[in-house]
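Here are some notes to read alongside the structure, written for someone meeting it for the first time. Take the points in order, and keep the model open as you go.

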Amino acid sequence: MLAVERLVVKYDELTALRGVSLTVESGALVAMIGSNGAGKTTLLNAVSGLIPTREGTISWEGSLITGLTPDAVCRLGIVQAPEGRKLFAKMTVEENLQMGAYSPGPRARVAESMKRVLELFPRLAERRRQTAESLSGGEQQMLALGRALMATPGLLMLDEPSLGLAPIMAAQIFEIIGDLNRAGTTILLVSQEVLQTLSIARDGYLLENGEITLAGPSERLLADQRVKKSYLGL
Ligand SMILES: Nc1ncnc2c1ncn2[C@@H]1O[C@H](COP(=O)(O)OP(=O)(O)O)[C@@H](O)[C@H]1O
Ligand SMILES: [Mg+2]
């Protein structure tokens, strides 16, 4: 289980997270929704050890991980698929996938993971000798997901996986994320796509201006008047 408690993150004078608490139970698919600038990416980067925290704690499976290096966090099985995908453009699909399995544990399982990911994404299997930059936006997102899965994550953190995709492709990506969770992967999904995100997640948090302003089962968030008005345009 991931447990974040009263986390505070600042960028110089700007307070990006003001005491954020959340939990992701093993096997869950938890959504964190919020508009641009709310602090969603900051939260994931703090959990990954990419940026320092000022106050509060982050723990994983009962142990404190606040202040660990990104590499140490990754070795614990916490894997982030970053916003904007960050693929290796000139490398092939297969090489990008191999890069996902660079730490010692996953490296020992690389053949098995490669087989699983290519079965999961037949499109990537067909294109495995092509460069990442030659793929469509949706295929690139599949590759970003596949690369994260190569690390055999205990917790998969996805940052805006549908950003920039055509609606039909975005819907497909959300469906794949739901399937991954049903197959056993614990997921923290960060997104501005409120309706689709809450449709696949069991529980959700609304992050506004660095604070959690609403938390609970997805149905309750979807029924909330503020969510309807500000995020669903109803
Ligand atoms: N590297 C940075 N330096 C300074 N301010 C930042 C940095 N990254 C993000 N911010 C600011 O922190 C706030 C939260 O940003 P971010 O976590 O990226 O939000 P979101 O992912 O929800 O769009 C915003 O006001 C943003 O401008
Ligand atoms: Mg972001």
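1. Isoleucine 78 has leucine 155 in S7 as its bridge partner. That pair belongs to the contact between S6 and S7, which run parallel and are joined by four bridges. Please keep in mind throughout that this is a predicted model.

2. Now step back to the whole sheet. S6 and S7 belong to an open sheet of six strands, ordered S6-S7-S8-S3-S9-S10, and its pairing is mixed. Strand S6 (78-81) and strand S10 (211-217) are the edges; each has a single partner strand, so one side of each is left without a neighbour in the sheet. From one strand to the next, the twist averages 15°.

3. Moving inward, S7 and S8 run parallel and are joined by four bridges. Two residue pairs help you find this contact on screen: methionine 157 stands opposite leucine 188 in S8, and leucine 158 has leucine 189 of S8 as its bridge partner. With helix H8 included, S7, H8 and S8 make a right-handed β-α-β unit.

4. Is S7 mostly covered or mostly open? It is mostly covered, with five of its five residues buried. The burial applies to both faces: Leu155, Met157 and Asp159 lie on one side, Leu156 and Leu158 on the other, and all are buried. An aspartate is thus listed alongside leucine and methionine on one of these faces.

5. S8 can be read in a similar way. Five of its five residues are buried, and the strand is mostly covered. Ile187, Leu189 and Ser191 point one way from S8, while Leu188 and Val190 point the other way. On to the next strand in the order: S3 and S8 run parallel, with five bridges between them. Methionine 32 has valine 190 of S8 as its bridge partner.

6. The other end of the sheet brings in the antiparallel sense. Strand S9 (residues 203-208) pairs with S10 in that sense over six bridges. Two glycines mark the contact, since glycine 204 stands opposite glycine 216 in S10.

7. Which helices lie across these strands? Helix H1 (residues 40-47) lies across strand S3 (29-33), S6, strand S7 (155-159), strand S8 (187-191) and S9, and runs at about 150° to S7. Helix H8 (residues 167-182) lies across S3, S7 and S8, and its angle to S8 is about 160°.

8. There is also an open sheet of four strands, with the order S2-S1-S4-S5 and antiparallel pairing. Its edge strands are strand S2 (14-24) and strand S5 (63-64), each pairing on one side only. Strand S1 (residues 2-11) and strand S4 (residues 55-60) run antiparallel and are joined by five bridges. Leucine 2, for example, stands opposite tryptophan 60 in S4.

9. Next, please look at ligand 1. The residues surrounding ligand 1 are Tyr11, Leu14, Ala16, Gly34, Asn36, Gly37, Ala38, Gly39, Lys40, Thr41 and Thr42. S2 and H1 are the elements that give two or more residues to this shell. H1 gives the most, with three residues. By character, the shell divides into four nonpolar residues, six polar and one charged.

10. My last stop is arginine 129, in the loop between helix H6 (122-126) and helix H7 (137-149). Why is arginine 129 called exposed? The reason is the count around it: arginine 129 has 9 other C-beta atoms within 10 Å, and a residue is exposed if that count is 12 or fewer. Leaving out residues up to four places away in sequence, arginine 129 touches Thr92 and Glu94. Methionine 91 is 38 residues from arginine 129 along the chain, yet their C-alpha atoms are separated by 8.9 Å.

How values were computed
Residues are numbered from 1 along each chain as its sequence is written. Chains are lettered from A and ligands numbered from 1 in the order in which they are written. This is a predicted model: local features need pLDDT of at least 70, side-chain atom pairs count only at pLDDT 80 or more; totals for chains, interfaces and linings use all residues. Two strands pair if DSSP finds at least two bridges between them. Axes are lines fitted to C-alpha atoms, for helices over the stretch in contact, and angles run from 0 to 180 degrees between N-to-C directions. Two residues are in contact if their C-beta atoms, placed from the backbone, lie within 7 Å. A residue is buried if 20 or more other C-beta atoms lie within 10 Å of its own, exposed if 12 or fewer, and partly exposed in between; C-beta atoms are placed from the backbone. A crossover is right-handed if, with the strands pointing away from the viewer, the path from the first strand over the helix to the second runs clockwise. A residue is near a molecule or strand if its C-beta atom, placed from the backbone, lies within 6 Å of it. Ala, Val, Leu, Ile, Met, Phe, Trp, Tyr, Cys and Pro count as nonpolar, Asp, Glu, Lys and Arg as charged, and the others, Gly among them, as polar.
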